[in-house]
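Work through the exercises below with the sequence and the 3D structure at hand. Each task is followed by a solution in steps.

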Amino acid sequence: MTKVIIIDDEPLARSLVREGLSTMAGFKIVAECGDGFEGMKSIQQHTPDLIFLDIQMPKISGFEMLELLEKPPAVIFITAFDEFAIKAFEANAVDYLLKPFSQERFEAAIKKFITKRGGEPEIKSTQKLLETVAQAAPQNMRIVVKSGNKIKIISLPEVIYFEAADDYVNVVTAEGSFLKNKTMNFFEHSLDPLQFVRIHRSYILNVQHITRIEVYEKENYVAILKSGKQIPVSKSGYARMKEVLGM
Amino acid sequence: MAATPLSNFRLLIIFVTCFIVISGLHAGVLIWLGIKLKLALIDSIISNLPIVVACFAVSNGLKYYLPDKNRWQYIITWCIGLSLLCLFISRTALVNLFEEEDYLQFVSQSLPFRFAICFLLIGWMAMISVLWNRQEQQQEDEKRKTDAENLERKAELLNLRQQLQPHFLFNSLNSINALIATRPNEARKMVQQLSEFLRGTLRKDEKQLVKLEEELHLLELYLDIEKVRFGHRLQTEIICNEAEKEKLLPPLLLQPIVENAIKFGLYDTTGDVVIKIHVSTNNNQLEIEIQNPFDAQSASSNKGTGFGLSSVQRRLYLLFARNDLVKTSAAENIFVTTLIIPQV
């Protein structure tokens, strides 16, 4: 049995997926959710093989929900109209359904899911998709992180700096720091380069939070933050910083 | 291209009158100086005719070539040149026409004086032409600016509509698709509501004011469709008395505000939601208050806030020349937008 979860904020839209699946053997709907928070909990609880995921949902979007998952299941996206998302799907050969969809189109998506099984690991292709989305989306103004069992939405100006932490990135705010399963390179390339500067291999700094930069031994510098904290600045990081601050 | 001052009939009459007066004065002065009547008249005409022609030339020339503010030397040089030319023509004519020694001597003695008058008249014409053309140019700039603004405004509104509509439209079609199998009567009703709503947003001459009743009806259609999409999560409360329903306001003014209310109140929250529209009258002004709940945490980090609002503000400003007609306040997860529409 293939375990399925439907995540869409409109009850009627969920009923269409349910109807579509009812004619197909071997699929079992284990849960239906109305938003991303619920969806995430439900995925952790049921570990489904396939989810139907709407993109525009309350609080966090379908993409933001996927970002929070360690091991995302296979996804069939459903959307009404999101130009940038559709471009990202096309670019990554991800299957998606456009509302309203026909039963034939729905069945084709299921067939594709069945044949794709056991091909490229789902996690990898999902991650690639999320990166394209982050870069294509109109400048994202927030980061969604998990803190314990809670989900936290951090707006970008609140971020003081990003710090590399093994396979993760530590997002540091005045309230504390939060782990995010992304790479430093991802943040360096998707954030506004005039706001967030890669000052070191391990640090990306929000320039709003700097008070001054001091020389620290020969060719090294250190950035002093408003909170008094000191962060190392590499030689090339110093050059980038000088450019951004117009020194 | 702008006309010259002399192509305006009223100004042409003034111009001609001026020259008749000047010619009269000219002859009068000559007679007073002891020159015979006939001679004085001919002298006046021969002296002033070239100046009239020169004035036309200057005014026409400046129509095609208007020098910068700091290039006034060019104009003066031109005026001096034209004055000398006029003087040369009239002197040659006078010398060839008459043989009286006394008179000819008088003509050559009065040359500097004649030149001064000639220069003043042509310079005066040049000055008027420059001022006229500058003003004309300014008016044209002004017009272009308002045209551009109008165009921009239209594009802005169109853009706003398109941003929200496709999503709404496709999701509504999807809901209809779902209803067809299970609840065909509701599906049929929703198709009718959707058509009526779309028709309502399509007609509309921007400038024609409409009755509040019509606008509220359109909003109800829109909200009813959203109610079908989101089940029992959405409730609405519209309060408006009969007298207020007859008041006038610009078409589709409320639509973007209610769409915003839905976007932040319904699309971005998970619980039950009440959206309120309260209408009241105050000092012959229509006051419309739109209330929606919002999620402070995700709304503050959400993009696209306030675009619909600023376009409404702009529209009201263009219509009533007032900047205080849109007010917003947020307290305790409730967002309130208040519109004031003066009744003229």
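Two residues are in contact if their C-beta atoms, placed from the backbone, lie within 7 Å. The model is predicted.

**Exercise 1.** Find what share of the contacts in chain B with a separation of 6 or more comes from residues 24 or more positions apart.

Solution. Start with the secondary structure: chain B has 11 helices and seven strands. Then take the contacts in chain B with a separation of 6 or more; residues 24 or more positions apart make up 75% of them. As for burial, 25% of the 344 residues of chain B count as buried.

**Exercise 2.** Describe the side of chain B that touches chain A.

Solution. Count the residues: 24 of chain B are in contact with 21 of chain A. Next, assign them to elements: helices H5 (111–182), H7 (212–230) and H10 (296–300) of chain B each give two or more residues to this side. The largest contribution, 11 residues, is from H5(B). Finally, sort by residue class: eight are nonpolar, 12 polar and four charged.

**Exercise 3.** Determine how strands E6 and E7 of chain B pair, and how many buried residues E6(B) has.

Solution. E6(B) spans residues 326–331 and E7(B) spans residues 334–342. The two strands are antiparallel, with six bridges. In one position, B:Val326 of chain B lies opposite B:Leu339 in E7(B). Two residues separate the strands in a hairpin, and B:Glu332 in the turn has a positive phi of about 55°. For burial, zero of the six residues of E6(B) are buried, so the strand is hardly covered.

**Exercise 4.** Which elements of chain A have the lowest and the highest mean pLDDT?

Solution. For chain A as a whole, the mean pLDDT is 88, and 96% of the residues reach 70 or more. Among its elements, helix H6 (residues 122–136) of chain A is lowest at 78, and strand E1 (residues 2–7) of chain A is highest at 96.

Note on methods:
Residues are numbered from 1 along each chain as its sequence is written. Chains are lettered from A and ligands numbered from 1 in the order in which they are written. This is a predicted model: local features need pLDDT of at least 70, side-chain atom pairs count only at pLDDT 80 or more; totals for chains, interfaces and linings use all residues. pLDDT is the predictor's confidence in each residue, from 0 to 100. Helices (H or I, at least four residues) and strands (E, at least two) are DSSP runs, numbered from the N terminus. Ala, Val, Leu, Ile, Met, Phe, Trp, Tyr, Cys and Pro count as nonpolar, Asp, Glu, Lys and Arg as charged, and the others, Gly among them, as polar. A residue is buried if 20 or more other C-beta atoms lie within 10 Å of its own, exposed if 12 or fewer, and partly exposed in between; C-beta atoms are placed from the backbone. Two strands pair if DSSP finds at least two bridges between them.
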